Structure formats: structure tokens, C-alpha cells
Amino acid sequence: MKVNLRRSILLGLLSLLALPVLAGGFDLLSERDASGGLKEALMQGVSNATLQLSKSDGFLANEKVRIPLPDTMRQVEPILRTLGLGPSIDDLQISMNRAAEAAVPRAKQLLINAVKKMSVQDAKNILLGADDAATQYFKSVSQAQLSEQFLPVVRQTTSKLQLAQQYNTLAAKASGLGLLKAEDATVEQYVTRKALDGLYLVIADEERAIRQDPLAAAGKLAKKTFGLLTVGQ
């Protein structure tokens, strides 16, 4: 009901703005207009998210995306600290977050390319979808590729730490026994997954902010597109 009401209002407003509308929906011109506005906004959101997270302490200082120690290590952390491994644990956690910061810039161009390739139908689905519809679209088209791109960057940082190597040895055995998810069988895989979770979370925050405050959108087309949608909410 909410989506239908929002769509009806949007169609009516486009008509008042002298944009021809077909009975079944947007005509080709207005579809391109709405799609272009969405793409402007998404490119802004991607740029803001990658810039924010790639800064020093972009992950470490942000409680929403800070990467903690893997669960299996946290369970034995008190014992490890009593054995004098406190500094090594701290170094590992800092390095995991630094690795995520270093990997995030690789996402920007891939995500922007995903925006450019977005079809008009994809754009309409996102515009009339949930507050994180664009973020879910990004996940579906980019997660596998981003994992491949992040992993070598993360490995370059974490492989220097002896504690990370020890974790990988133990985690491999635990994974083989079914005691640990395969996706967390190495520190590198764990950090890559958490880095992507953080990236998509921040992109979702950007998306919601633009939907709630269209004036925050950078381009005129984006402001008009989301401004019209806001009227129906």
C-alpha cells in the first residue's frame, strides 16, 4: 500500500511538471530521469562511504564497523593475556582494522561501475524499494568480486603477525572438524568478510540519509528524484 501510494504521488507530480507519463508507468524520458537521479545519489553514497572507511581509524574508531577478534580467539583471550600475549592480541586487532581500511579503496571503482551498468528496471525497483534496496543490490552484484579484491590486501597486513599465523593453524583444524565456519578459517577471510559488512553498512546509512533528506543529495537530478519520493512517505 505504501509503495503504491508513493508511486501514484510520484506519477502525479511528474505529470504536473509537464513530463509525459504513460498509463502503465514512467515513459522513456522520465524513466531515464529517475534512473539518472538515483545513480547520482548512489555514486555520492559510494564515494562518501569509501572515503570515510579508508581514513586512518575509519574502522577502528567507529563502533558500528570496528572489527573485533574472531569469536574463537575472544573466548580464550583472557588466558592468552595471562600468558603475556596481551600486546600481540592488541597488535592483531589493530592490524585487522588497518587491513580493512587499506582494502576499502578497491571497492570504489567496482561499485561505481555497478551503478553505471544498472538497468532502468533495477533503478525503479530500488527507488520504490526498502530504505536499503540499493545496498542489497550492491551486495548481489559486487560481494564476490570485492572479496577477491580485498583478500590479498588484508593478507599483506595480517600475515606479518605471528599470532595471526597461529590462529590460522588452529582455525584450519577447527574448520576441518566442523567447529568453525569455513569463511572464518583464516584471519584474512574473517577480516575480508567483516570489512565488507562494514562497507555495506555505511553505504546503507548513506542511502537512508539521502532518502530522508533529499537536499543532501549532491546532484540536482538526485535531489528532484528523491524529493518526489519523500512526498509519498
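**A walk through the helices, starting at Leu 196**

Let's start with one residue: Leu 196 lies in helix H9. Bear in mind as we go that this is a predicted model. Is Leu 196 buried or exposed? Leu 196 counts as buried because its relative accessible area is 1%, and the cut-off for buried is under 20%. What does Leu 196 touch, once residues up to four places away in sequence are set aside? The list is Gln 143, Leu 146, Ser 147 and Phe 150. There's also a long jump along the chain to look at here: Val 65 is 131 residues away from Leu 196 in sequence, yet their C-alpha atoms are separated by 9.6 Å.

Follow one of those partners, Phe 150. Leaving out its neighbours within four places in sequence, Phe 150 is in contact with Ala 103, Val 104, Arg 106 and Ala 107 on the one hand, and with Thr 192, Ala 195, Leu 196 and Leu 199 on the other.

Now step back to the core. The largest nonpolar core has 49 residues, and Phe 150 is among those with the most contacts inside it, along with Leu 92, Phe 138, Leu 146 and Leu 199. At least two residues of this core come from each of the helices H2 (28-54), H3 (71-82), H4 (86-103), H5 (105-116), H6 (120-127), H7 (133-158), H8 (162-176) and H9 (187-212). Which helix gives the largest share? That's H9, with nine residues. As a general point, nonpolar side chains in soluble globular proteins tend to be buried together.

Phe 138 deserves a second look. The structure holds one aromatic pair. Its members are Tyr 137 and Phe 138, whose ring centres are 6.2 Å apart and whose planes meet at 55 degrees, so the pair is tilted. Both rings belong to buried residues: Tyr 137 has a relative accessible area of 14%, and Phe 138 has one of 1%.

Next, take a look at how single helices sit. In H3, the buried residues are Met 73, Glu 77 and Leu 80. Why do they line one face of the helix? Seen down the axis of H3, they fall within an arc of 95 degrees, so they share that face. Turn H3 around, and the face away from the buried side carries Gln 75, Pro 78, Ile 79 and Thr 82, which are exposed. Just past the end of H3, Gly 84 takes a positive phi of about 85 degrees.

H6 can be read in a similar way. Ala 123, Lys 124, Ile 126 and Leu 127 are buried there. They cover an arc of only 165 degrees around the axis, so they end up on the same side of H6.

With those pieces in hand, here's the whole chain. There are ten helices and two strands, and reading along the sequence gives the pattern α-β-β-α-α-α-α-α-α-α-α-α. Of the 233 residues, 46% are buried. The chain exposes about 11800 Å², with 56% of that supplied by carbon and sulfur atoms. Among contacts with a separation of 6 or more, 74% join residues 24 or more positions apart.

Finally, a word on confidence. The average pLDDT is 77, and 70% of the residues score at least 70. Over residues 1-29, though, the pLDDT is below 50, while the model gives this stretch 37 contacts beyond near neighbours in sequence. Where pLDDT is low, the predicted coordinates should not be read in detail.

Notes:
Residues are numbered from 1 along each chain as its sequence is written. This is a predicted model: local features need pLDDT of at least 70, side-chain atom pairs count only at pLDDT 80 or more; totals for chains, interfaces and linings use all residues. Side-chain values use heavy atoms; hydrogens and water are left out. A nonpolar core is a set of buried Ala, Val, Leu, Ile, Met, Phe, Trp, Tyr and Cys residues joined through side-chain atoms within 4.5 Å. Buried means under 20% relative accessible area, exposed over 50%, partly exposed in between (1.4 Å probe, protein chains only). Helices (H or I, at least four residues) and strands (E, at least two) are DSSP runs, numbered from the N terminus. Contact means heavy atoms within 4.5 Å. Accessible areas come from the Shrake-Rupley method with a 1.4 Å probe; for residues, only the protein chains shown count as cover. pLDDT is the predictor's confidence in each residue, from 0 to 100. Rings of Phe, Tyr and Trp (its six-membered ring) pair if their centres lie within 6.5 Å; planes under 30 degrees apart count as stacked, over 60 as edge-to-face and the rest as tilted. The arc is that of the directions from the helix axis to the C-beta atoms.
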